[in-house]
Amino acid sequence: MSTRRVPVLVWSARLAIGFGLFLAVAEVRRNWGNWEWWPWWVVDYIAVGLLLWGGRVALSAAPRVGPLCGAWGFTVCMFYASFFSHLQHLGERGSGPIEPMQLFGWIGVLFATSIIGFVLALVASHQHRAD
């Protein structure tokens, strides 16, 4: 297996690190003043940790793609559940400082971004194996 970094891998890894840092801050903003039941926000920090770790491993001197694919896969699943849960309750009053429609829009953007990151990681995995 080659230690050369594939450009798509670099894009996915950098996106994972940036996305993870944004998610860490956004989760605090979303819950500030009214923290939900702990499993609903701890899962976001699990995604943050996985994305930061996966991105770091992918950008290391001996890059590995598996952790990055796993991190993005976990994040896609998490946002899938969040997106459709918020869609189901869209007409209801929200509990945090962000209006429900605005929050739903942000979750949609984050869901789409996580899908893009996952696809990039899968492409990088395929390219990495071909080297």
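**Entry 1: The overall fold**

In what order do the elements of the chain run from the N terminus on? I began with this point, and I note that the model I consulted is a predicted one. The elements run α-α-α-α. My tally of the secondary structure gave 4 helices and 0 strands.

I then looked up the extent of the chain. Its C-alpha trace spans about 50 × 20 × 20 Å along the principal axes. Of the 131 residues, 37% are buried. I also looked up the contacts between residues at least 6 apart in sequence, and 77% of these join residues at least 24 apart.

**Entry 2: The surface and the charges**

I recorded an exposed area of about 7700 Å² for the chain, with carbon and sulfur atoms supplying 69% of it. I next looked up the charges, which are 9 positive and 6 negative. The mean positions of the two groups lie 15 Å apart.

**Entry 3: Helix H1 and the loop after it**

I checked whether the span of helix H1 agrees with its residue count. H1 covers residues 7-31, and its 25 residues should span 36 Å at 1.5 Å a residue. The expected span is 1.5 Å times one less than the number of residues, so the count is reduced by one before multiplying. The end C-alpha atoms of H1 are 36 Å apart, which agrees.

I listed buried residues of H1, among them Val8, Leu9, Ser12, Ala16, Phe19, Leu23 and Glu27. An α-helix has 3.6 residues a turn, so residues three or four places apart point the same way. I kept that rule in mind while reading the list.

Is Gly33 buried or exposed? Gly33 lies in the loop between H1 and H2, just after H1, and takes a positive phi of about 90°. I found Gly33 to be exposed, because its relative accessibility is 72% and the cut-off for exposed is over 50%. The C-alpha atoms of Gly33 and Pro97 are separated by 7.9 Å, although these residues are 64 apart along the chain.

**Entry 4: Helices H2 and H3**

I repeated the span check for the next two helices. H2, residues 38-58, has 21 residues and reaches 30 Å from its first C-alpha to its last, close to the 30 Å expected. H3 has 23 residues and reaches 33 Å, close to the 33 Å expected.

Against which helices do the buried residues of H2 pack? I found that they pack against H1 and H3, the latter being residues 66-88. The buried residues of H2 include Asp44, Val48, Leu51 and Gly55. In H3, the buried residues include Leu68, Cys69, Trp72, Gly73, Val76 and Phe79.

**Entry 5: Phe118 in helix H4**

I chose Phe118, which is in helix H4, residues 100-130. Phe118 counts as partly exposed because its relative accessibility is 26%, and the partly exposed class lies between 20% and 50%.

Which residues does Phe118 touch, not counting those up to four places away in sequence? I recorded Cys69, Trp72, Gly73 and Val76. Each of these four also appears among the buried residues of H3. Phe118 and Val76 are 42 residues apart in sequence, yet their C-alpha atoms are 7.5 Å apart in space.

**Entry 6: Aromatic rings**

How many aromatic pairs are there? I noted a count of 10 aromatic pairs. Phe83 and Phe84 form a pair that is edge-to-face, with 5.0 Å centre to centre and 85° between the planes. The pair counts as edge-to-face because the angle exceeds the cut-off of 60 degrees.

I then compared the cover of these two residues. Phe83 is buried, at 18% relative accessibility, whereas Phe84 is partly exposed, with a relative accessible area of 37%. Ring pairs link Phe83 and Phe84 with Tyr80, Phe104 and Phe111 into a cluster.

Technical notes:
Residues numbered from 1 in each chain as written. Predicted model: local features only at pLDDT ≥ 70, side-chain atom pairs only at ≥ 80, totals over all residues. Heavy atoms only, no water. Buried < 20%, exposed > 50% of the residue type's maximum accessible area, 1.4 Å probe, protein only. Phe/Tyr/Trp six-rings, centres within 6.5 Å; stacked < 30°, edge-to-face > 60°. Contact = heavy atoms within 4.5 Å. Areas by Shrake-Rupley, 256 points an atom, 1.4 Å probe, with all protein chains shown as cover. Lys, Arg positive; Asp, Glu negative; His and termini not counted. Charge placed at Lys NZ, Arg CZ, Asp CG, Glu CD.
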